[in-house]
2 protein chains.
Amino acid sequence: MKTQSILLKQRPEKTPQNSDFEFKEEEVSTPKSNEVLLKSIYISVDPYLRGRMRDVESYIEPFQLNEPITSAIIAKVEKSEHENFKEGDYVLGHLAWKEYQVAKGENLRKVDPKQANLSAYLGILGMTGLTAYFGLTEIGAPKEGETVLVSGAAGAVGSTVGQIAKIYGCKTIGIAGSDEKIDLIKGKFNYDEGINYKTTDNMKEAISKAATNGIDVYYDNVGGEILDATLQNINRNGRVINCGAISQYNKDETATGPRVEGILIKKSVKMQGFTLQNDFGEKFNEGTKKLAQWLQEGKLNYEETIREGFEKVPQAFIDLFSGENKGKMVVKVAEE
Amino acid sequence: MKTQSILLKQRPEKTPQNSDFEFKEEEVSTPKSNEVLLKSIYISVDPYLRGRMRDVESYIEPFQLNEPITSAIIAKVEKSEHENFKEGDYVLGHLAWKEYQVAKGENLRKVDPKQANLSAYLGILGMTGLTAYFGLTEIGAPKEGETVLVSGAAGAVGSTVGQIAKIYGCKTIGIAGSDEKIDLIKGKFNYDEGINYKTTDNMKEAISKAATNGIDVYYDNVGGEILDATLQNINRNGRVINCGAISQYNKDETATGPRVEGILIKKSVKMQGFTLQNDFGEKFNEGTKKLAQWLQEGKLNYEETIREGFEKVPQAFIDLFSGENKGKMVVKVAEE
């Protein structure tokens, strides 16, 4: 049996291009003891993968050239040699960008298509939701009445952060890149205020106008100039959650900006990055339970952008960097 | 009765100059109920005062032009109208740069010249010691076997940080600006390694060589390029305590440097500034007790630079910025 596989052909220089990836047909092996044969249904594309495409030391090892990219994938069990899984089960795993593959059962988690849409396990109930939840609550520690600013607010993580901050009784301000996204975050995602950074000349002023009491917590998905502008509006004892720096991912490492140490000292500000698995891995059950509860109570909405077709996976990934997705971007590569 | 007083004549542009200060003779009033008449004995000069000389929003209000500078001062009670104090008592207070002044008793704390040298209450048992203790233990949270890097290591705060880190079982590396200071920190202050940044071309490499296991905690008293070089050597879950940025104080606010958000994210690093009084004021008793205990047990050495003469106060302050002091700088302005 044959499968298509997507390999990293060359390391992207700036914004990833289709030519950085290669499709290759290969043979699928037969599952051995404790293994399962999987058919990919939904493939998650995520900004953090860009980091793994660099050949530099990071918290996880870089992708190898001419090897398949891996990410979170929802797959259907086609054949099982593992006692926990049977044909027809749906599983979540960190898997290769392949239509079919054999995987060890121990690294897979069963997911229930009746409890939530399958794609939600890649988003609001998966890494995305947990990233929003732990970053905001553990590092940001928002208190009732505080003001929480979120960049990438229409994105998968950002839209969830805003809603959780509202559950905590905070005022929420979201930054996004189109008026349509601003409508979305103020509507579906319950943000109190929205700033379209693409039509705003002076972010420092725009934030100052929206945040009449200053910024207590900034959940940063973008880095760069929006971070700089936020630090100019930060309150004493403010907390910056450095979740992502999508504005910087396609730049080389010598990017400069205003020095931050002066403001950190003057205002007793904390900036902290995190890595979900390493820093909060032991608390995933707690987080997933909270998120599932809020979802059931109707307190969490989510948006997803579903592309279709295995051949569209690289382009879906590339489009993350021009902000074409609303909410979590996944690619549906086969019927459920 | 007359006293000399030191006023802020103009806001320093870069490095403070003697011409930024003005000596003025004025009349000393008579203490009213709950007040005391004080004679200044030791005046503390501190880098953070530079910040208050700017006319910008900060955690404490800026000094006013043509008003006296204030700082921590050890004074002798000359006359008391407050029940807690009698003539001959020594007190610590946040007081004006004057030879004599009247102050409210409620803002003064009695200090005991038999328990420690009077000047120690401005240093190792005062703000300096507490700054070292709380910054390192509360923000840095050093664990046994970790590597702690300290800049300004021969300074008042830095020399104490290193010794506390050793008490916690850490490897300590100090950065200072002369070979004499390096000898001092490796001798008297028990540092395992020392780096003379003035004779080092490549700080990134020098830190890497001294810190064979990378940097877990960086207690930063200087900011700027040494901070940049440290971040290139920081370990996963590293913590940066932004205590001071003396390298930046005399620059304007537009200084730029390498962006930090990428490293914070990649390595789950925390950078956090603090303000002693606001953030840890409620725990001062706990901190002072710990420091006094270590001092008595012989686990803490300290160095101080004592200048003499009230007229030398501005110059002593100015000399902080060229690193002429070893340890806490105080000016003895009258005999005990």
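Me: Let's start with one residue: is B:Ser268 buried or exposed?

Reply: Keep in mind that this is a predicted model. The general idea is to look at relative accessibility, where anything under 20% counts as buried. B:Ser268 comes out at 2%, so it is buried. It belongs to the loop that links helix H7 (261-267) to strand E14 (270-273) of chain B.

Me: What is the sign of phi at B:Ser268?

Reply: General idea first: most residues other than glycine have a negative phi. B:Ser268 is not a glycine, yet its phi is positive, about 50 degrees.

Me: And in chain A, what phi does A:Asn66 have?

Reply: A:Asn66 isn't a glycine either, and its phi is positive at about 65 degrees. You'll find A:Asn66 in a loop, the one between helix H1 (49-52) and strand E4 (70-80) of chain A. Its relative accessible area is 46%, so A:Asn66 is partly exposed.

Me: How do I read a residue in a strand, say B:Ile73? Which strand holds it, and which residues does it touch?

Reply: Begin with the element, then check burial, then list the neighbours. B:Ile73 sits in strand E4 (residues 70-80) of chain B. With a relative accessible area of 0%, B:Ile73 is buried. Leaving out residues up to four places away in sequence, it touches a set of residues that includes B:Tyr42, B:Ile43, B:Leu92, B:Trp97, B:Gln101 and B:Leu122. For a distance along the fold, take B:Ser119: 46 residues separate it from B:Ile73 along the chain, while the C-alpha atoms are 9.2 Å apart.

Me: B:Gln101 is on that list. Where does its side chain point, and is it buried?

Reply: The trick with strands is to sort the side chains by face. In strand E6 (residues 100-104) of chain B they alternate: B:Gln101 and B:Ala103 are buried and point to one face, whereas B:Tyr100, B:Val102 and B:Lys104 point to the other and are not buried.

Me: Which strand pairs with E6(B), and in what direction does it run?

Reply: For pairing, you look for bridges and then for the relative direction. Strand E3 (residues 35-44) of chain B is joined to E6(B) by 5 bridges, and the two run antiparallel. If you want a pair to click on, B:Leu37 has B:Val102 as its bridge partner in E6(B).

Me: How many bridges does E1(B) make with E2(B)?

Reply: There are 7 bridges between E1(B) and strand E2 (residues 21-27) of chain B, again antiparallel. B:Gln4 is bridged to B:Glu25 in E2(B). Strand E1 (residues 2-8) of chain B is mostly covered, with 5 of its 7 residues buried.

Me: Where can I see parallel strands in chain B?

Reply: Go to strand E9 (residues 171-176) and strand E10 (residues 193-196) of chain B, which run parallel and are joined by 4 bridges. B:Gly174 has its bridge partner in E10(B), namely B:Gly194. Then follow the path from strand to helix to strand: E9(B), helix H4 (residues 179-187) of chain B and E10(B) form a β-α-β unit, and it is right-handed.

Me: Back to chain A. How far apart in space are A:Lys209 and A:Met127?

Reply: Sequence separation and spatial separation are two readings, so take both. A:Lys209 and A:Met127 are 82 residues apart in sequence, and C-alpha to C-alpha they are 33 Å apart. A:Lys209 itself is in helix H5 (residues 203-210) of chain A and counts as exposed at 69% relative accessibility. Now try A:Gly244: it is 22 residues from A:Val222 along the chain, with 5.5 Å between the C-alpha atoms. A:Gly244 lies in the loop between strand E12 (234-242) and strand E13 (256-258) of chain A, and at 5% relative accessibility it counts as buried.

Me: Zooming out, how many helices and strands does chain A have?

Reply: Chain A has 10 helices and 16 strands. Its radius of gyration is 20 Å, close to the 20 Å that the globule rule gives for 336 residues, so chain A is as compact as a globular protein of that length. Buried residues account for 57% of those 336 residues. The C-alpha trace spans about 60 × 45 × 35 Å along its principal axes.

Me: And how is chain B laid on chain A?

Reply: Superpose the copies and read off the turn and the shift. A turn of 180 degrees with a shift of 0.0 Å along the axis lays chain B on chain A with an RMSD of 0.1 Å. The two copies are thus related as by a two-fold rotation axis. As for the contact surface, 100% of the interface residues of chain B are also interface residues in chain A, so the copies meet through the same surface.

Technical notes:
Residues are numbered from 1 along each chain as its sequence is written. Chains are lettered from A and ligands numbered from 1 in the order in which they are written. This is a predicted model: local features need pLDDT of at least 70, side-chain atom pairs count only at pLDDT 80 or more; totals for chains, interfaces and linings use all residues. Side-chain values use heavy atoms; hydrogens and water are left out. Two strands pair if DSSP finds at least two bridges between them. A crossover is right-handed if, with the strands pointing away from the viewer, the path from the first strand over the helix to the second runs clockwise. The radius of gyration is taken over C-alpha atoms; the globule rule is 2.2 Å times the number of residues to the power 0.38. Buried means under 20% relative accessible area, exposed over 50%, partly exposed in between (1.4 Å probe, protein chains only). Copies are superposed by least squares on the C-alpha atoms of residues with pLDDT of at least 70 in both. Contact means heavy atoms within 4.5 Å.
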